[in-house]
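Me: I should like a close look at a single part of this structure, namely its aromatic side chains and the strands and loops around them. Please give one connected account.

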Amino acid sequence: LRARQGNLSAFAPLPGVGRRMLQIRAMFASPFVFFQHPDPVAMNAALRELFLAREGEGPRYANDHPYTERNSTLFESRFDLFAWPDAAVAQLREFCLSNVMQTVAQLNGYDDKTMATLGVKTDAWFHVTRRGGYFGVHNHPLASWSGVYCVAPGRNDVSEPDSGKLTFVTPLHASGMYVDAGSEFLKPPFGIQNFGLLLQAGQLVLFPSHLLHH
């Protein structure tokens with residue numbers, strides 16, 4: 001298209017005909033599912049207090065086999081969070097897993113009988129990201145669905161507009177091999193852009209585990 005960019009008049013609609021309605025479908029799409037806790041204040045306050053206390057205990061609750069790049073201003077817990085007996089953790093587990101199951105049922109077209117036969121195995125953990133902290137690009141092998149729940153959003157203002165942003169890398173890596181006027185500004189979900197999300201307190205986002213994110 002670049003070679004013809006200066007002479008597109010040949011492709012203009014014929015006089016009196018107007019533009020045709022195109023049949024456009026999204027293929028190879030990745031589902032993102034968003035939930036908002038209806039009343040997260042008390043639960044989030046308890047979770048924040050608990051997580052900061054566990055962070056303060058250092059290696060006792062820290063992930064002792066990290067493999068994703070991060071720096072020292074980010075704390076990652078071990079992966080057994082949903083097994084903890086704390087009441088706020090039980091509330092979080094119920095909120096997250098009930099929405100995972102609803103997502104699985106709706107996207108796969110499963111009825112209640114089928115859902116009753118399914119089991120769930122989870123890893124769950126928390127991050128405390130202090131100023132300057134980051135967590136590198138990764139995905140979650142040997143899992144079908146992943147999610148991020150926001151207890152407290154990062155600082156976000158004019159000086160630090162990307163603070164706390166969760167960013168997903170487009171899985172269509174080859175789509176950026178050549179870009180010209182025909183593809184540079186394709187609207188979502190057809191564009192080649194990555195997807196950045198500034199989470200809000202009480203928000204849960206679910207996504208396929210193969211997607212790279214940071």
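Reply: The account below begins with the aromatic pairs and then turns to the sheet and the backbone. The model is a predicted one.

A search of the whole structure finds eleven aromatic pairs. One of them joins Phe32 and Phe168 in an edge-to-face arrangement, with 4.8 Å from centre to centre and 90° between the planes. Phe32 belongs to the segment before strand 1, whereas Phe168 belongs to strand 5, so this pair ties together parts that are 136 residues apart in sequence. The two partners can also be described by their accessibility. Phe168 has 2% relative accessibility and therefore counts as buried, while Phe32, with a relative accessible area of 26%, is partly exposed.

Phe168 also takes part in a pair with Phe195. Here the rings are stacked, at 6.2 Å centre to centre and with 20° between the planes. This second pair again links distant parts of the chain, since Phe168 is in strand 5 and Phe195 in strand 6, 27 residues apart. Phe195 is partly exposed, its relative accessible area being 34%. Phe168 thus has an edge-to-face contact with Phe32 and a stacked contact with Phe195.

A further group of rings is formed by Phe51, Tyr61, Phe75, Trp84 and Phe126, which make up one aromatic cluster. Arg54 is placed against two members of this cluster. Arg54 lies over the face of Tyr61, 4.6 Å from the ring centre, and its charged end also sits over the ring of Trp84, at 5.4 Å from the centre of that ring.

The sheet comes next. Three strands form an open sheet in the order 1-7-4, with antiparallel pairing. Strand 1 (33-36) and strand 4 (145-149) stand at the edges; each has a single partner strand, so one side of each is left without a neighbour in the sheet. From one strand to the next, the twist averages 20°. Strand 4 and strand 7 (residues 203-208) run antiparallel and are joined by five bridges. Within this pairing, Ser146 has Phe207 of strand 7 as its bridge partner.

Several backbone features lie outside these strands. Most residues other than glycine have a negative phi, and most peptide bonds are trans. Phe28, although not a glycine, has a positive phi of about 60°. Phe28 is found in the segment before strand 1, and at 74% relative accessibility it counts as exposed. Phe32, the partner of Phe168 in the edge-to-face pair, lies in that segment as well.

Leu142 likewise has a positive phi of about 60° without being a glycine. Its place is in the loop between strand 3 (127-129) and strand 4, and strand 4 is one of the edge strands of the sheet. At 92% relative accessibility, Leu142 counts as exposed.

The peptide bond from Pro188 to Pro189 is cis, with omega near 5°. Pro189 is located in the loop between strand 5 (165-168) and strand 6 (195-198). The strands on either side of this loop hold the two partners of the stacked pair, Phe168 in strand 5 and Phe195 in strand 6.

How values were computed:
Residues numbered from 1 in each chain as written. Predicted model: local features only at pLDDT ≥ 70, side-chain atom pairs only at ≥ 80, totals over all residues. Heavy atoms only, no water. Pairing = 2+ DSSP bridges. Helix = DSSP H or I, 4+ residues; strand = E, 2+ residues; numbered from the N terminus. Axes fitted to C-alpha atoms, helices over the stretch in contact; angles between N-to-C directions. Buried < 20%, exposed > 50% of the residue type's maximum accessible area, 1.4 Å probe, protein only. Phe/Tyr/Trp six-rings, centres within 6.5 Å; stacked < 30°, edge-to-face > 60°. Lys NZ or Arg CZ within 6 Å of the ring centre and 35° of its normal.
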